[in-house]
Amino acid sequence: MSNKNTMDTLEGTTTVGITCEDGVVFASERRASMGNLVAHKVAEKIFKIDDHIVATIAGSVADAQSLMKVISAEVSLYKMRNGEDISIESASALASNILHSSPLYVQTLLGGIDENGASIYSLDPAGGMIKDSFISTGSGSMFSYGVLEDRIKEGITVEEGIDVAIRAIKSAMERDTFSGNGILLATVTDKGVQMLSKEAIDAKLKEIS
């Protein structure tokens, strides 16, 4: 995550999204940078949009926070007006329209689970929207993709996805200078959104090491 006043590219973050048989897994590291400066070591890069939707961010802090607030508000309004949860595709299209009308310096992953199953979409700063089974964004994504391509298989479960996501972020933190300072991880299943505790993540990291 970067400050757009000091950087002109989407650098300084690694996020991962994995579509699983029984839900989705999102993970990120926690470093926020301004150029070569580590500005913050506890940056929040995973946001709960609703009880069945989560998003990750990479890019300008201000733009990302603004986008998350607008998406969350619009998703809540949809539920109030229609008496039902918005689908993951519709929520992603909503975010795409927001970005298309007013591009922001941010790259977003948005996903969750609905009546059609689990899904994840990637959104670029101008509103481009792509659905994929697994996605990584940010400056460390090239390192994460190596792990994702090697370890993700058809029918992967959320429990297996947690292990892969942590490995992918760990790989990025070891090689990308803009990524580091710990891992955040969230899952979305039919039980709702759950954030993995620091203790659980640390235990997984010890198993990997």
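1. Let's start with a loop residue. Arginine 30 is buried, with a relative accessible area of 17%, and the cut-off for that label is under 20%. You'll find arginine 30 in the loop between strand 2 (23-29) and strand 3 (32-34). Have a look at lysine 45 while you're there: arginine 30 and lysine 45 are 15 residues apart in sequence, yet their C-alpha atoms sit 7.0 Å apart in space. Do keep in mind that this is a predicted model.

2. Now the overall picture. The chain has 5 helices and 12 strands, and 50% of its 209 residues count as buried. Take the contacts with a separation of 6 or more: 65% of them are between residues 24 or more positions apart. The accessible surface is about 9,900 Å² for the chain, and carbon and sulfur atoms make up 48% of that.

3. On to the sheet. Strands 5-6-7-8-9, in that order, form an open sheet of 5 strands with antiparallel pairing. Strand 5 (46-50) and strand 9 (129-132) are the edge strands, each pairing on one side only. On average, and ignoring direction, neighbouring strands in this sheet are turned by 25° against each other. As a reminder, strands of a sheet pair through backbone hydrogen bonds, either parallel or antiparallel.

4. For a closer view of one edge, go to strand 8 (residues 117-123), which runs antiparallel to strand 9 and is joined to strand 9 by 4 bridges. If you want a residue pair to click on, tyrosine 121 stands opposite lysine 131 in strand 9.

5. Two helices go with these strands. Helix 2 (residues 88-101) packs on the sheet and touches strand 6, strand 7, strand 8 and strand 9. The direction of helix 2 makes about 160° with that of strand 7. Helix 1 (residues 61-82) lies across strand 5, strand 6 (53-59) and strand 7 (106-114), and runs at about 20° to strand 5.

6. Helix 3 (residues 141-151) is worth a slow look. Its buried residues are Ser141, Ser144, Val147 and Leu148. They cover an arc of only 120° around the axis, so they end up on the same side of helix 3. The spacing fits the textbook picture: an α-helix has 3.6 residues a turn, so residues three or four places apart point the same way. Turn to the other side of helix 3 and you'll see Met142, Glu149 and Asp150, which are exposed. What do the buried residues of helix 3 pack against? Their partners are strand 1 (14-20), strand 10 (134-138) and helix 4 (158-175).

7. Helix 3 also takes part in an aromatic pair, and a search of the whole structure finds 1 such pair. Phenylalanine 134 and tyrosine 145 form it; the pair is tilted, at 6.4 Å centre to centre with 55° between the planes. Phenylalanine 134 lies in strand 10 and tyrosine 145 in helix 3, so the pair ties together parts that are 11 residues apart in sequence. Buried or partly exposed: which is tyrosine 145? At 28% relative accessibility, tyrosine 145 counts as partly exposed, whereas phenylalanine 134 is buried at 14%.

8. Last stop, a hairpin. Strand 11 (residues 183-189) and strand 12 (residues 192-195) run antiparallel and are joined by 4 bridges. The hairpin connects strand 11 to strand 12 through 2 residues. Within this pairing, valine 188 stands opposite valine 193 in strand 12.

Terms used:
Residues are numbered from 1 along each chain as its sequence is written. This is a predicted model: local features need pLDDT of at least 70, side-chain atom pairs count only at pLDDT 80 or more; totals for chains, interfaces and linings use all residues. Side-chain values use heavy atoms; hydrogens and water are left out. Buried means under 20% relative accessible area, exposed over 50%, partly exposed in between (1.4 Å probe, protein chains only). The arc is that of the directions from the helix axis to the C-beta atoms. Contact means heavy atoms within 4.5 Å. Accessible areas come from the Shrake-Rupley method with a 1.4 Å probe; for residues, only the protein chains shown count as cover. Rings of Phe, Tyr and Trp (its six-membered ring) pair if their centres lie within 6.5 Å; planes under 30 degrees apart count as stacked, over 60 as edge-to-face and the rest as tilted. Two strands pair if DSSP finds at least two bridges between them. Axes are lines fitted to C-alpha atoms, for helices over the stretch in contact, and angles run from 0 to 180 degrees between N-to-C directions.
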